[in-house]
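Hi there,

Here is the structure I promised to pass on. Have a look at it first, and then read my notes below.

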Amino acid sequence: MMDPGPIAGWTLEACGTVALVLGGWRSYALAREAIAPLADDGDPTRTALEATRPLLSRSRVRTFARRVGCSVGWLVVAMYGLYLLLHGQALLG
């Protein structure tokens, strides 16, 4: 009978690598989307109208918070990929 250690180790390493790459890439992309509107002043009329609203009811603030939250979620997926890589390497050797 074959030892399941090497097979499980390679599987964990493959899944960890995929999770790390996809999670890191999506996290970076969403963080970049969240920060990009901050570099532009936008339409002066819309900016003036939104300045009169409470902070949490502004669409730019909600969009920023949603994108940052999703970015952090993808970063958690990438960190789980590192965890899988660590345990895959422990099984292999």
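Before anything else, a word I will lean on: two residues are in contact when they have heavy atoms within 4.5 Å of each other. With that in hand, take Leu-85: setting aside neighbours within four places in sequence, Leu-85 is in contact with Leu-12, Glu-13, Gly-16, Thr-17 and Leu-20.

Some ground rules. The model is predicted, so local features need pLDDT of at least 70 and side-chain atom pairs count only at pLDDT 80 or more, while totals for chains, interfaces and linings use all residues. Residues are numbered from 1 along each chain as its sequence is written, and side-chain values use heavy atoms, with hydrogens and water left out.

**The overall picture**

The chain has three helices and zero strands, counting as helices DSSP runs of H or I with at least four residues, and as strands runs of E with at least two, numbered from the N terminus. Along the sequence that gives the pattern α-α-α. The C-alpha trace spans about 70 × 20 × 15 Å along its principal axes. The radius of gyration is 21 Å, whereas a compact globule of 93 residues would have one near 12 Å; the radius is taken over C-alpha atoms, and the globule rule is 2.2 Å times the number of residues to the power 0.38.

Of the contacts with a separation of 6 or more, 79% are between residues 24 or more positions apart. Buried residues make up 19% of the 93 residues in the chain. Here buried means under 20% relative accessible area, exposed means over 50%, and partly exposed is in between, using a 1.4 Å probe and protein chains only.

**Helix 1 and helix 3**

Back to Leu-85, which sits in helix 3. What is its relative accessible area? It is 18%, so Leu-85 counts as buried. Its C-alpha atom is 8.0 Å from that of Cys-15, although the two are 70 residues apart along the chain.

His-87 is also placed in helix 3, but His-87 is partly exposed at 35% relative accessible area. From His-87 to Gly-16 the C-alpha distance is 9.3 Å, with their positions 71 residues apart in sequence.

Over in helix 1 (residues 4-35) you will find Ser-27. Ser-27 is buried because its relative accessibility is 7%. Not counting residues up to four places away in sequence, Ser-27 touches Ser-71, Trp-74 and Leu-75.

Ile-7 lies in helix 1 too, and Ile-7 is partly exposed, at 47%. Ile-7 and Val-77 are 70 residues apart along the chain, and their C-alpha atoms are 23 Å apart.

**Cysteines**

How many disulfides does the structure hold? Zero, taking a disulfide as a pair of cysteine sulfur atoms within 2.5 Å. As for accessibility, Cys-15 is partly exposed at 42%, and Cys-70 is partly exposed at 38%.

**The largest pocket**

The largest pocket holds about 360 Å³ of space. A pocket here is an open set of points on a 1 Å grid over the protein atoms alone, with protein on both sides within 12 Å along at least five of seven lines, while a cavity is a set where a 1.4 Å probe fits but cannot get out; lining residues have an atom within 4 Å of a point. Points are joined across faces, edges and corners, and the volume is the space filled by probe spheres set on them.

Which residues are closest to the centre of the largest pocket? Of the 18 that line it, they are Pro-37, Leu-38, Glu-50, Arg-60 and Val-61. Helix 2 (44-51) and helix 3 (59-92) are the elements that give two or more residues to the lining, and helix 3 provides the largest share, six residues.

Happy reading!
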